[in-house]
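Let's take a friendly walk through the empty spaces of this protein and the strands around them. Keep the structure open beside you as you read.

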Amino acid sequence: MSKNTNIVRVQPDSMYEKLLRLPLFQGLRVEDLNNLLEKLRVQFVHYKAGQTIMRQGLPCTKLIFILSGEIRSTQKITEPFKYSVSETFQGPYLIEPSCLFGRYTDHMYTHHSVTEVTTLQITKQEALDVLFEFPLIRLNHINMVSARAQIMQHKAWTIPPNDVLQRAVCFIRTRLENTIGTKRIQISLRSLGLGVNSSHVTMAEKIKLAEDAGLIYHDKTTMVIEDFNKLEEFAETYNNK
């Protein structure tokens, strides 16, 4: 197997502070974290801007902690029509911890480095050892997975609004990990209209309103949203103005 010369090993920098900010290590003391890392065979991997960290569809065989830098996570959907949703995240950040166990253990997103990125990576077996040895980390992991399941259930049962723009915003919202950071949606207005049961013409008119308000940049196949929360607020109130 050829060696990837674009990936180089780096030393941790302010690692404890960054890891303790992650939900998985919430409540852990620095001494406990130091003891944990001394027992694990961790790998520090550095990615240059524009490199692929993980691809959608590959099995999740390790935990990848983004210690520093910015990544873009993209999910591509092909049915019932083609579109993709991209989000940006700043380190510290843990990539798809819910994919480590369960029925579906393939990554749901492709993750690229936007800037230079430093990661800490732990194999699945090492992660199992940590979860068995440290009850607090095991509880944090359960809380993280449970919270995601509850959020997904809530999204599934959300009643679509009557207004077309609100339905379009709801369509996007249910496909986001969170509302913070830049969102890029590659989708045609015709497909978005199909997704929210609206005509192409009406969909174009509604998106134009948000574009005129400076909340969406849009061309034929791409929407860029810098502040999703402001877009959501606009969609809820624009009819009252």
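## Strands and their partners

Before looking at individual bridge partners, one definition helps: two strands are said to pair if DSSP finds at least two bridges between them. Please also keep in mind that this is a predicted model.

A good place to begin is strand β9, residues 117–123. Which strands run alongside β9? One of its neighbours is strand β2 (residues 43–47), and the two pair in the antiparallel sense over five bridges. Within this pairing, Phe44 has Leu120 of β9 as its bridge partner. Another neighbour is β4, joined to β9 by six bridges, again with the strands running antiparallel. Here you can find Ile64 standing opposite Gln121 of β9.

Is β9 largely enclosed or open? Six of its seven residues are buried, so the strand is largely enclosed by the rest of the structure. Buried here means under 20% relative accessible area.

## Closed spaces inside

Rolling a probe the size of a water molecule over the atoms shows where empty space is left. How many cavities of 30 Å³ or more does the count give? There are two.

The largest cavity has a volume of about 90 Å³. Its lining is made of 13 residues, and those nearest its centre are Leu24, Leu63, Ala127, Val130 and Ile137. Three elements give two or more residues to this lining: β4 (62–68), α3 (124–133) and α4 (135–156). Of the elements, α3 gives the most, with three residues. Sorted by class, the lining of this cavity has twelve nonpolar residues, one polar residue and no charged ones.

The second largest cavity holds about 30 Å³ of space. You can pick out its whole lining by eye: Leu165, Ala168, Val169, Ile172, Ile207, Ile216, Met223 and Leu231. Helix α5 (residues 164–173) gives the most to this lining, with four residues. What classes of residue line the second largest cavity? The tally is eight nonpolar, no polar and no charged.

## The largest pocket

Now for the open spaces. The largest pocket has a volume of about 760 Å³. It is lined by 31 residues, with Tyr93, Leu94, Pro97, Glu177 and Asn178 closest to its centre. The elements giving two or more residues to the lining are the strands β5 (70–77), β6 (83–90) and β7 (93–95), along with helix α4.

Which element has the largest share of this lining? That is α4, with eight residues. By class, the lining of the largest pocket has 17 nonpolar, eight polar and six charged residues.

## The second largest pocket

About 370 Å³ of space lies in the second largest pocket. Of its 18 lining residues, Ser98, Met108, Arg148, Met152 and Glu177 are the closest to the centre. Glu177 is thus a residue to find twice, as it is also among the closest to the centre of the largest pocket.

Helix α4 turns up here too, giving the most to the lining of the second largest pocket, with six residues. The classes in this lining are nine nonpolar, five polar and four charged.

## Following one helix

To tie the tour together, try tracing α4 in the viewer. It gives two or more residues to the lining of the largest cavity, provides eight residues to the largest pocket, and adds six to the second largest pocket.

How values were computed
Residues are numbered from 1 along each chain as its sequence is written. This is a predicted model: local features need pLDDT of at least 70, side-chain atom pairs count only at pLDDT 80 or more; totals for chains, interfaces and linings use all residues. Side-chain values use heavy atoms; hydrogens and water are left out. On a 1 Å grid over the protein atoms alone, a cavity is a set of points where a 1.4 Å probe fits but cannot get out, and a pocket is an open set with protein on both sides within 12 Å along at least five of seven lines; lining residues have an atom within 4 Å of a point. Grid points are joined across faces, edges and corners, and a volume is the space filled by probe spheres set on the points. Ala, Val, Leu, Ile, Met, Phe, Trp, Tyr, Cys and Pro count as nonpolar, Asp, Glu, Lys and Arg as charged, and the others, Gly among them, as polar. Buried means under 20% relative accessible area, exposed over 50%, partly exposed in between (1.4 Å probe, protein chains only).
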